[in-house]
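Have your viewer ready and your selection tool at hand. This is a short walk from stop to stop, saying what to select and what you will find there.

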Amino acid sequence: MSLPPGFLEELRSRVSLTSLIGRTVQWDQRKSNQAKGDMWAPCPFHQEKTASFHVLDKEGYYYCFGCHAKGDAITFLRETENLSFLEAVEEIARQAGMTLPARDPGLQKQMDTHSVLSEVMEKAVRYFRMMLKTHTGREAVLYLERRALNEKTQVRFDIGYAPNRRQDLLEALTDQGVREEQLIECGLCIAPESGGTPYDRFRDRIMFPIRDSRGRCIAFGGRAMDENASAKYLNSPETVLFDKGRSLYNISPARSALGKKHPLIVSEGYMDVIALSQAGFETAIAPLGTAITENQLQMMWRLHPEPVVALDGDAAGMRAAYRLIDVALPQIDANRALRFVLMPEGQDPDDVIQAGGAGAFQALLDDALPMVDLMWRQASEGQNFDSPERKFALEVVLQNKTRLIKDAGLRRNYETALREKRWSFFRSQASTNYATPSKRALRAEPVTQMTKASRLAAREGFSAGHLKESIIVAALINCPKAVESMVDDLQGFDFHTSEYGEVLRVLCLNLPQTREDAETQVSEAVGKKVLEMLWSENLVHVTPCIKYPEDVEMTVITVQAELQKLAVERGLAAELEEVSRGAGQGIDDTSVWRITRAVEAKNNALEPTSEDQASYNTAENGARINRLEKDGWDKLLSEISFSKEKK
């Protein structure tokens with residue numbers, strides 16, 4: 001539609017922006033100056049408690065200092081009510097008492113068609129409501145009573161009934177002057193392919209009007225009374241009025257209720273929305289028989305920055321949630337997110353309310369999960385990660401998900417959160433075996449009461465185990481590039497020195513590249529005292545890999561060796577403890593064999609391996625000299641000589 005010059009300017013000047021927006025927000029009277037038309041309120045586009053939404057009536061402009069939403073009256077109506085540009089202009093003109101200029105004939109015809117068909121739909125609403133109150137609708141009334149929907153709720157949602165007769169609606173509305181072609185165009189009747197008289201689409205069904213953001217009926221949903229019906233729920237087809245992917249059930253009342261105590265709640269169907277609204281959750285909406293689309297997500301986010309998705313607690317409900325994650329990930333940012341309510345197995349929101357009342361559903365809302373938790377659940381649930389390949393496959397799946405996030409900062413936060421979940425998950429599994437393959441597999445045992453009461457836990461005196469843990473942590477802080485190749489080994493091992501376990505968690509989650517970065521991250525997360533405790537161990541400083549912080553391979557070899565020693569030592573301790581607990585019944589041959597194997601594993605781990613990884617030079621007297629140690633010695637002599645020359 002082409003509008004004459006100056007029309008929009010006059011339209012904006014004729015409408016009060018504060019009056020228009022004031023129907024949606026609650027002004028902050030302490031901050032606002034009504035006389036000057038300078039108003040402040042909590043933003044209607046994102047959830048907040050402070051008044052950061054600023055409206056300047058004289059300029060006809062609004063701006064939010066929180067989410068940066070901005071625009072004029074037309075923009076506000078388009079964003080909050082999901083209107084087209086022309087619809088927004090018409091609404092403002094109506095409020096301002098202005099007449100729109102002559103339209104393009106084709107566009108005028110289209111608008112007239114919409115208006116006529118909307119009237120036909122409202123006549124159908126009234127007809128179905130009337131049928132519910134007759135003897136014909138008695139079974140439907142009883143069904144609604146069994147679902148605990150009171151009369152007030154039925155009236156509020158205009159619930160009706162379509163009789164089980166082939167042409168009841170057709171005859172009733174044609175008697176009122178509606179043409180058959182209009183009933184077909186609305187999707188209320190079907191024209192037989194073979195020709196002949198059209199017939200009603202909805203028969204023997206409880207009828208739920210579907211309305212747009214302006215409250216106009218654009219479609220119907222029908223719930224079959226016959227439990228053996230081929231389709232339990234039947235929606236109107238796509239029409240000139242109804243686009244499934246751009247419509248949401250109950251959107252207009254839900255929008256009006258926002259800003260109160262409940263967030264925007266996304267449920268699966270009509271009955272869930274109605275039951276939630278009756279229980280006090282008036283901000284409930286639902287998609288219309290299809291998976292939530294990108295357009296529907298955008299509509300939700302225009303109403304609320306973090307809708308809560310409450311789908312049915314069955315396999316189909318979880319699949320719908322996982323599909324929604326894939327749709328949402330490319331669109332989320334700091335002001336657009338989702339949370340998920342997990343229904344009890346086999347229940348939907350209506351079932352929860354029927355069983356436990358509004359309080360039961362509120363408890364679920366309070367425990368709503370962020371989207372990252374469901375991403376982890378989808379990737380890990382029911383999987384077996386007993387090999388490096390399977391663990392890597394999990395990592396690839398999560399990486400592919402996070403790559404969908406366009407906002408770089410948010411993507412980094414998701415990656416960190418998922419690394420932390422991966423760390424916690426594999427730490428709980430704790431199944432890495434550090435003994436040699438030819439020996440009996442010895443697991444790193446969890447901290448026992450005996451260990452908690454030891455001098456190690458009390459940090460009194462010297463402990464060889466504590467020293468080994470110190471060497472591991474010091475080596476990885478000194479050469480943090482080695483951490484990335486050892487994440488699986490480290491997250492499967494239990495450190496008895498709790499501070500060191502936390503240090504390893506920080507390193508594995510953040511993957512620093514330099515010692516300076518590693519120490520900074522550890523200090524911020526755990527505190528400087530743990531570093532002071534670590535570097536106070538004199539024996540730590542003589543560990544070869546500490547002298548060569550750039551040698552990633554040596555660091556990995558050193559750490560793996562210390563992990564293996566700790567594993568077999570704890571395995572032997574666990575065997576001895578178990579045998580000692582059963583000593584009252586005598587020690588049998590099996591116990592002796594187990595202890596012998598554990599001692600052999602310990603001795604093998606503590607003895608030098610047959611495959612020495614170090615490189616050697618041969619001295620004049622035939623003695624072998626470690627090449628790294630010799631290089632270090634030569635470097636030290638060179639530095640001393642250089643210092644003397646300078647003097």
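Select Phe 157, Phe 208, Tyr 233, Tyr 249 and Tyr 270 and show their side chains: together they form one aromatic cluster. Keep in mind as you look around that this is a predicted model. Across the whole structure, a search finds 17 aromatic pairs.

Within the cluster, zoom in on Phe 208 and Tyr 270. Their rings are stacked, 5.3 Å centre to centre with 15 degrees between the planes. Now colour by secondary structure: Phe 208 sits in strand 8 (residues 205-211) and Tyr 270 in helix 11 (residues 270-278), so this pair ties together parts that are 62 residues apart in sequence. Are these two residues buried or exposed? Phe 208 has a relative accessible area of 1%, so it counts as buried. Tyr 270, at 5%, is buried as well.

Keep Tyr 270 selected and add Tyr 249. These two rings meet edge-to-face, with 5.0 Å between centres and 75 degrees between the planes. Tyr 249 belongs to the loop between strand 10 (233-235) and helix 10 (251-257), and the pair again links distant parts of the chain, 21 residues apart. Both Tyr 249 and Tyr 270 are buried.

Next, try two places where a charge meets a ring. Select Lys 31 and Trp 40: Lys 31 lies over the face of Trp 40, 4.1 Å from the ring centre. Then select Arg 515 and Trp 535, where Arg 515 lies over the ring face at 4.3 Å from the centre.

Go back to Trp 40 and select Ser 52, which touches it. Ser 52 is placed in the loop between strand 1 (38-41) and strand 2 (53-56). Its relative accessible area is 11%, so Ser 52 is buried. Leaving aside residues up to four places away in sequence, its other contacts are Ala 41, His 46, Tyr 63, Cys 64, Phe 65 and Gly 66.

From there, move on to Ala 73 in helix 3 (residues 73-81). With a relative accessible area of 4%, Ala 73 is buried. Which residues does Ala 73 touch, not counting those up to four places away in sequence? Show Val 15, Leu 17, Leu 20 and Ile 92 to see them. For a distance label, pick the C-alpha atoms of Ala 73 and Tyr 61: they are 7.5 Å apart in space and 12 residues apart in sequence.

Now select helix 15 (residues 371-380), which is mostly covered, with seven of its 10 residues buried. Highlight Met 371, Val 372, Leu 374, Met 375, Trp 376, Ala 379 and Ser 380 to see the buried ones. After the helix comes Gly 382, whose phi is positive, near 75 degrees.

For the last stop, show helix 22 (residues 498-510) together with helix 24 (residues 528-535). They pack at an angle of about 110 degrees, and their axes are 11 Å apart. An angle of 65 to 115 degrees counts as roughly perpendicular, and helix 22 and helix 24 are therefore described that way. To see the contact, select Glu 499, Tyr 500 and Val 503 on helix 22, then Val 530, Met 533 and Leu 534 on helix 24. Coloured by class, this contact shows five nonpolar residues, no polar ones and one charged.

Note on methods
Residues numbered from 1 in each chain as written. Predicted model: local features only at pLDDT ≥ 70, side-chain atom pairs only at ≥ 80, totals over all residues. Heavy atoms only, no water. Axes fitted to C-alpha atoms, helices over the stretch in contact; angles between N-to-C directions. Helix = DSSP H or I, 4+ residues; strand = E, 2+ residues; numbered from the N terminus. Parallel < 35°, antiparallel > 145°, perpendicular 65-115°, else oblique. Contact = heavy atoms within 4.5 Å. Nonpolar A, V, L, I, M, F, W, Y, C, P; charged D, E, K, R; others polar. Phe/Tyr/Trp six-rings, centres within 6.5 Å; stacked < 30°, edge-to-face > 60°. Buried < 20%, exposed > 50% of the residue type's maximum accessible area, 1.4 Å probe, protein only. Lys NZ or Arg CZ within 6 Å of the ring centre and 35° of its normal.
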